[in-house]
Amino acid sequence: MTTIGFVRHGITDWNIQGIAQGSADVALNETGRQQAASLAERLVSEEKWDVIISSDLARAKETAEIIGNTLGLPVHHFEPRLRERSGGKIEGTTEEERLEKWGADWRTLDLAMENLEDAAERGLACVQDVLEHFSDQRVLLVSHGALIGLTLQKLMPETFQKTSMDNTSITLLTHTETQWRCSLFNCTTHLVKSESY
C-alpha cells in the first residue's frame, strides 16, 4: 500500500490580499511559516514519512523544507509538475482589478490561463510516477490548492466533485493495486492550537 499526503503550502501575503498567484513565485509570510511549523510538529508525532516531494515554487518549497527539517527528511526533489495552475494574465490581480479590466465575464475570456484538464493531467502524471518509484512508501507531496484539487478530482471523480484546500491542509490517500481510498481530507487540526492565525 502506498500512502500519499497532499499538503497545500502555507499562507502568503497574496493569499490574504486575494491576489491570484498561479505560477507567480510568491514567498510565504511569517504566518505561513508558523503554519508549516505547526503541520511539521503534527506530522512528526504521527506515522513516519519516507519521502517529501515539492512544487518548485517558493511558497511550496519553503513549506516542504520546514516540514523536512522537523522530520529529519530532506526534500527528495522539486517538481515543476506540482506547480499551481498557471493564471496567465490574471496573475498578480485581485477580483476587483479583473472586473475593472475585463468585466464581469472575465472567466469566459481567453486570458492565457492553463487549461484545467492540462493542470489535472500533470498532477496525475506526478502521482503515477510516485506509485512507480515509491511503491509501498509514505510520500508527502507539497503543492498548491487548485492543483491538488484538480488532481484529486482526476484520481477519484466520484469522491471529489468539488474541492477547496486550506493553507497547510493535509489530505491522505492510500493506493492498493488499482484502488484509491481517502482517509483524511483538507485537515487543518494542527492550526486549531494556534488561533493567532
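Analyst: Two heavy atoms within 4.5 Å count as a contact here. The model is predicted, and with that in mind, ask away.

User: What covers the buried residues of α3?

Analyst: The elements in contact with them include β1 (2-8), α2 (30-45), β2 (51-55), β3 (75-79) and β4 (138-143). The buried residues themselves are Arg59, Ala60, Thr63, Ala64, Ile66, Ile67 and Gly68.

User: How do you know what α3 reaches from its first C-alpha to its last, and what is expected?

Analyst: Helix α3 runs over residues 58-71, which makes 14 residues. The expected span is 1.5 Å times one less than the number of residues. For α3 that expectation is 20 Å, and the helix reaches 20 Å, so the two are close. Just after the helix comes Gly72, with a positive phi near 70 degrees.

User: What makes α2 and α3 a described pair, in terms of their axes?

Analyst: Two packed helices are described by the angle between their axes and the distance between the axes. Here the axes come within 8 Å and cross at roughly 35 degrees. The crossing of α2 past α3 is right-handed. On the α2 side, the contact is made by Arg33, Ala36, Ala37, Leu39, Ala40, Glu41, Leu43 and Val44. Glu62, Thr63, Ile66, Ile67, Thr70 and Leu71 make it on the α3 side.

User: Why does Leu43 count as buried or exposed?

Analyst: Buried means under 20% relative accessible area. Leu43 has 2% relative accessibility, so Leu43 counts as buried. Leu43 lies in helix α2 and touches Trp49, Ile67, Leu71, Leu140 and Ile170, leaving out residues up to four places away in sequence. Leu43 and Thr70 are 27 residues apart in sequence, yet 8.8 Å apart in space from C-alpha to C-alpha.

User: And Thr171, why is that residue called buried or exposed?

Analyst: The value for Thr171 is 0% relative accessible area and the cut-off for buried is under 20%, so Thr171 is buried. Thr171 is found in strand β5 (residues 170-176). Outside its neighbours within four places in sequence, Thr171 is in contact with residues including Ile4, Phe6, Leu152, Met165, Cys182 and Asn186.

User: What makes the pairing of the Thr171 side chain with the backbone nitrogen of Asn186 a polar contact?

Analyst: The limit for the two N or O atoms is 3.5 Å. The Thr171 side chain reaches that nitrogen at 2.9 Å, so the pair is within the limit.

User: What is noteworthy about the phi of Asn186?

Analyst: Most residues other than glycine have a negative phi. Asn186 is not a glycine, but its phi is positive at about 50 degrees. Asn186 lies in strand β6 (residues 179-187). With 15% relative accessibility against a limit of 20%, Asn186 counts as buried.

User: Why is Ala112 described as buried, partly exposed or exposed?

Analyst: Partly exposed is the range between the buried cut-off of 20% and the exposed cut-off of 50%. Ala112 has a relative accessible area of 48%, so Ala112 is partly exposed. Ala112 is found in the loop between α4 (95-102) and α5, and its phi is positive, near 65 degrees.

User: Which residues touch the most other members of the largest nonpolar core?

Analyst: They are Phe6, Ile53, Leu141, Leu155 and Trp180, out of 25 residues in the core. At least two residues each come from β1, β2, α5 (116-133), β4 and α6 (145-155). The largest share, seven residues, comes from α5. A second, separate core has 16 residues, including Ala40, Ile52, Leu140 and Val142.

Technical notes
Residues numbered from 1 in each chain as written. Predicted model: local features only at pLDDT ≥ 70, side-chain atom pairs only at ≥ 80, totals over all residues. Heavy atoms only, no water. Helix = DSSP H or I, 4+ residues; strand = E, 2+ residues; numbered from the N terminus. Buried < 20%, exposed > 50% of the residue type's maximum accessible area, 1.4 Å probe, protein only. Core = buried A, V, L, I, M, F, W, Y, C linked by side-chain atoms within 4.5 Å. Polar contact = N/O pair within 3.5 Å; in protein donor to acceptor, adjacent residues only side chain to side chain. Axes fitted to C-alpha atoms, helices over the stretch in contact; angles between N-to-C directions. Left-handed = near helix turned anticlockwise from the far one by under 90°.
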